[in-house]
Amino acid sequence: MVMTDRMLSLPSGLENGTSVVEYTRGNDLKSKLLYYLQHEEERIDIAREGGRLATTRHRTWHRMEEIVFGRVVTDCSSLGRDDCPWIVHANDIVNGNTLDKSYKV
């Protein structure tokens, strides 16, 4: 589970208490650490959701897509592929298997 100091805004898709836990100061961090140590199921749920989002929407190629295309075009969770997110083929974009179905090469 990822815990972070409060940001102006969280990266796309991340939500405080669902996929990441934000804290405001040292005593808030300590309080949340103690809470989540006692609430294993909730801690594991947050960790799983954060991990899922990190591997399907926040990989290095997603940042490259933002630079090249101006937006993320590959959403591995919607492709239904066993090898994704570890391998993404350029043919996916060419064949229309992208987050944004209106994107054409």
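## A tour from helix H3 back to the strands

Start by selecting methionine 64, which counts as partly exposed at 48% relative accessibility. Methionine 64 is found in helix H3. Keep in mind as you go that this is a predicted model.

**Stop 1: the nonpolar patch**

With methionine 64 still selected, add Ile67 and Val68. Together, Met64, Ile67 and Val68 make up a nonpolar patch on the surface, and their joint accessible area is about 330 Å². A surface representation coloured by residue type suits this stop.

**Stop 2: a salt bridge in helix H3**

Stay in the helix and show the side chains of arginine 63 and glutamate 66. Which kind of contact do arginine 63 and glutamate 66 form? They form a salt bridge, with the closest N and O atoms 2.9 Å apart. Both residues sit in helix H3, which covers residues 60-69, and their spacing of 3 residues is about one turn of the helix. Arginine 63 is partly exposed at 30% relative accessibility, and glutamate 66 is partly exposed too, with a relative accessible area of 37%.

**Stop 3: a salt bridge in helix H2**

Now select arginine 52 and glutamate 49. These two side chains form a salt bridge, and the closest N and O atoms are 2.7 Å apart. Arginine 52 and glutamate 49 are separated by about one helical turn, because they are 3 residues apart in helix H2. Label both ends for their exposure: arginine 52 is partly exposed at 36% relative accessibility, while glutamate 49 is partly exposed with a relative accessible area of 24%.

**Stop 4: the negative patch**

Next, select Glu40, Glu41, Glu42 and Asp45. What do Glu40, Glu41, Glu42 and Asp45 gather in on the surface? They come together in a patch of negative charge. Colouring by charge will suit this view.

Take two members of the patch one at a time. Glutamate 41 lies in helix H2, which runs over residues 40-57. Is glutamate 41 buried or exposed? At 64% relative accessibility, glutamate 41 counts as exposed, because the cut-off for that class is over 50%.

Aspartate 45 is also found in helix H2. This residue is partly exposed, with a relative accessible area of 43%. Before moving on, draw a distance from aspartate 45 to threonine 18: they are 27 residues apart in sequence, and their C-alpha atoms are 7.8 Å apart in space.

**Stop 5: the aromatic pair**

Select tyrosine 35 and tyrosine 36. How many aromatic pairs does a search of the whole structure find? The search finds 1 aromatic pair. Tyrosine 35 and tyrosine 36 form this pair in an edge-to-face arrangement, with 4.9 Å from centre to centre and 85° between the planes. The pair counts as edge-to-face because its 85° angle is over the 60 degrees set for that class.

The two rings belong to residues of unlike exposure: tyrosine 35 is partly exposed, with a relative accessible area of 35%, whereas tyrosine 36 is buried, with a relative accessible area of 9%.

**Stop 6: a salt bridge between distant parts of the chain**

Bring up glutamate 22 and arginine 6. Their side chains meet in a salt bridge, 3.6 Å from N to O. What does the pair link? The pair links distant parts of the chain: glutamate 22 is in strand E2 (residues 21-23), arginine 6 is in the loop between strand E1 (3-5) and E2, and the two are 16 residues apart. Glutamate 22 is buried, with a relative accessible area of 7%, whereas arginine 6 counts as partly exposed at 46% relative accessibility.

**Stop 7: threonine 4 and tyrosine 23**

For the last selection, pick threonine 4, which is placed in strand E1. Threonine 4 has a relative accessible area of 12% and is buried, because buried means under 20%. Add tyrosine 23 and draw the C-alpha distance: the two residues are 19 apart along the chain, and their C-alpha atoms are separated by 6.3 Å.

**Stepping back**

Clear the selections and show the whole chain as a cartoon. The chain has 5 helices and 2 strands, and along the sequence they follow the pattern β-β-α-α-α-α-α. Of its 105 residues, 26% count as buried. The salt bridge count comes to 4, and the bridges visited on this tour include arginine 63 with glutamate 66, arginine 52 with glutamate 49, and glutamate 22 with arginine 6.

Notes. Residues are numbered from 1 along each chain as its sequence is written. This is a predicted model: local features need pLDDT of at least 70, side-chain atom pairs count only at pLDDT 80 or more; totals for chains, interfaces and linings use all residues. Side-chain values use heavy atoms; hydrogens and water are left out. Patches are made of residues with over 30% relative accessible area and no salt bridge: like charges are joined within 9 Å, nonpolar side chains (Val, Leu, Ile, Met, Phe, Trp, Tyr) within 5 Å. Accessible areas come from the Shrake-Rupley method with a 1.4 Å probe; for residues, only the protein chains shown count as cover. Lys and Arg count as positive and Asp and Glu as negative; His and the chain ends are not counted. The place of a charge is taken as NZ of Lys, CZ of Arg, CG of Asp or CD of Glu. Helices (H or I, at least four residues) and strands (E, at least two) are DSSP runs, numbered from the N terminus. Buried means under 20% relative accessible area, exposed over 50%, partly exposed in between (1.4 Å probe, protein chains only). Rings of Phe, Tyr and Trp (its six-membered ring) pair if their centres lie within 6.5 Å; planes under 30 degrees apart count as stacked, over 60 as edge-to-face and the rest as tilted.
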